[in-house]
Amino acid sequence: MEQTFIMIKPDGVQRNLVGEIIGRFEKKGFTLKGLKLVTVDRAFAERHYADLCAKPFFNGLVEYIVSGPVVAMVWEGKNVVATGRKIIGATNPAESAPGTIRGDHAIDIGRNVIHGSDAVESATKEIALWFPEGIAEWKSSLHHWIYE
Ligand code: DAT
Ligand code: MG
């Protein structure tokens with residue numbers, strides 16, 4: 001089953017959006033496989049966003065991610081990477097549709113509340129980076145009520 005890495009950014013934690021965000025993934029039917037509240041350092045944030053290191057906003061992005069605790073999660077389910085991105089909404093909240101997390105809860109691109117992996121390959125890399133200790137092994141008893 002597919003897995004994705006989802007992170008509630010420091011603004012999402014500070015703004016008490018943790019329960020709201022987790023609820024959206026839970027209610028959809030996805031399964032929580034990893035969860036922790038962590039504050040990361042610059043080097044770690046730079047590794048997470050390594051692909052963006054040449055961007056003019058890279059420094060501000062790293063400062064933002066290290067500015068407080070984040071909630072790091074692994075969610076599992078059919079098509080969870082692409083569907084997770086839809087639940088999150090467009091990168092720039094000015095363009096995120098209402099009903100998405102960013103569309104409902106964010107205004108500026110540099111305070112867009114949440115991260116989600118953009119492909120199965122990056123999800124695998126991000127899960128390995130954020131959860132080197134591994135993730136929970138369990139199967140939801142709701143499985144056959146959610147999947148046919
Ligand atoms: P996403 O988080 O939707 O995957 P991304 O990977 O392209 O978007 O960029 C990572 C984060 O960097 C994004 O959530 C917010 C910030 N960012 C992206 N483009 C930006 C821009 N043009 N100006 C300022 N911040 C930007
Ligand atoms: Mg991205």
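Which residues of β3 are buried on one side, and which on the other? V70, A72, V74 and E76 are buried on one side of the strand. V71, M73 and W75 are buried on the other. This report starts from that strand and works outwards. The model is predicted.

## Strand β3

β3 runs over residues 70-76. Seven of its seven residues are buried. The strand is therefore largely enclosed by the rest of the structure. Both of its faces are covered. To count as buried, a residue must have under 20% relative accessible area.

β3 has strand partners too. Strand β1, residues 3-8, pairs with β3 in the antiparallel sense over six bridges. Strand β2, residues 31-38, also pairs with β3 in the antiparallel sense, over seven bridges. Look at E76 in β3. E76 is the bridge partner of Q3. E76 is also the bridge partner of T31.

## Strand β1

Five of the six residues of β1 are buried, so this strand too is largely enclosed by the rest of the structure. β1 pairs with β3, and β1 pairs with β4 as well. The pairing of β1 with β4 is antiparallel and has three bridges. Find I8 in the model. I8 stands opposite I114, a residue of β4.

## Helix α2

Helix α2 covers residues 18-28. Its buried residues are I21, I22, G23, R24 and F25. What do they pack against? Three strands already met here are on the list: β1, β2 and β3. The others are α5 (80-88), α6 (101-105) and β4.

G29 follows α2. The phi of G29 is positive, near 120 degrees. G29 comes up again below, at the second largest pocket.

## Helix α7

Which residues of α7 are buried? They are S122, A123, E126, I127, L129 and W130. They cover an arc of only 160 degrees around the axis, which puts them on the same side of α7. The other side of the helix has exposed residues: E121, T124, K125 and A128. An exposed residue has over 50% relative accessible area.

The buried residues of α7 pack against β1, β2 and β3. They also pack against β4, and against the helices α3 and α5.

## Two residues to find

Start with H48, in helix α3. Is H48 buried or exposed? Its relative accessible area is 8%, so H48 is buried. Leave out residues up to four places away in sequence, and H48 touches F5, M7, H115, E126, L129 and W130. Among these, E126, L129 and W130 are buried residues of α7.

Now find F58, in helix α4. F58 has 11% relative accessibility and therefore counts as buried. Neighbours within four places in sequence aside, F58 is in contact with E46, Y49, L52 and C53. Take E46. F58 and E46 are twelve residues apart in sequence. In space they are 8.5 Å apart, C-alpha to C-alpha.

## The largest pocket

The largest pocket has a volume of about 730 Å³. It is lined by 26 residues. Closest to its centre are H48, Y49, L52, L61 and H115. Four elements give two or more residues to the lining: α3 (42-48), α4 (58-65), β4 (114-116) and α7 (120-130).

Which element gives the most to this lining? α7 does, with four residues. By class, the lining has eight nonpolar, nine polar and nine charged residues.

## The second largest pocket

The second largest pocket has a volume of about 260 Å³. How many residues line it? There are 16. Nearest the centre lie G29, F30, T31, W138 and S140. T31 is also the residue that has E76 as its bridge partner in β3.

Two elements, β2 and α8 (143-146), give two or more residues to this lining. β2 has the largest share, with three residues. Seven of the lining residues are nonpolar, five are polar and four are charged.

Note on methods
Residues are numbered from 1 along each chain as its sequence is written. Chains are lettered from A and ligands numbered from 1 in the order in which they are written. This is a predicted model: local features need pLDDT of at least 70, side-chain atom pairs count only at pLDDT 80 or more; totals for chains, interfaces and linings use all residues. Side-chain values use heavy atoms; hydrogens and water are left out. Buried means under 20% relative accessible area, exposed over 50%, partly exposed in between (1.4 Å probe, protein chains only). Two strands pair if DSSP finds at least two bridges between them. On a 1 Å grid over the protein atoms alone, a cavity is a set of points where a 1.4 Å probe fits but cannot get out, and a pocket is an open set with protein on both sides within 12 Å along at least five of seven lines; lining residues have an atom within 4 Å of a point. Grid points are joined across faces, edges and corners, and a volume is the space filled by probe spheres set on the points. Ala, Val, Leu, Ile, Met, Phe, Trp, Tyr, Cys and Pro count as nonpolar, Asp, Glu, Lys and Arg as charged, and the others, Gly among them, as polar. Contact means heavy atoms within 4.5 Å. The arc is that of the directions from the helix axis to the C-beta atoms.
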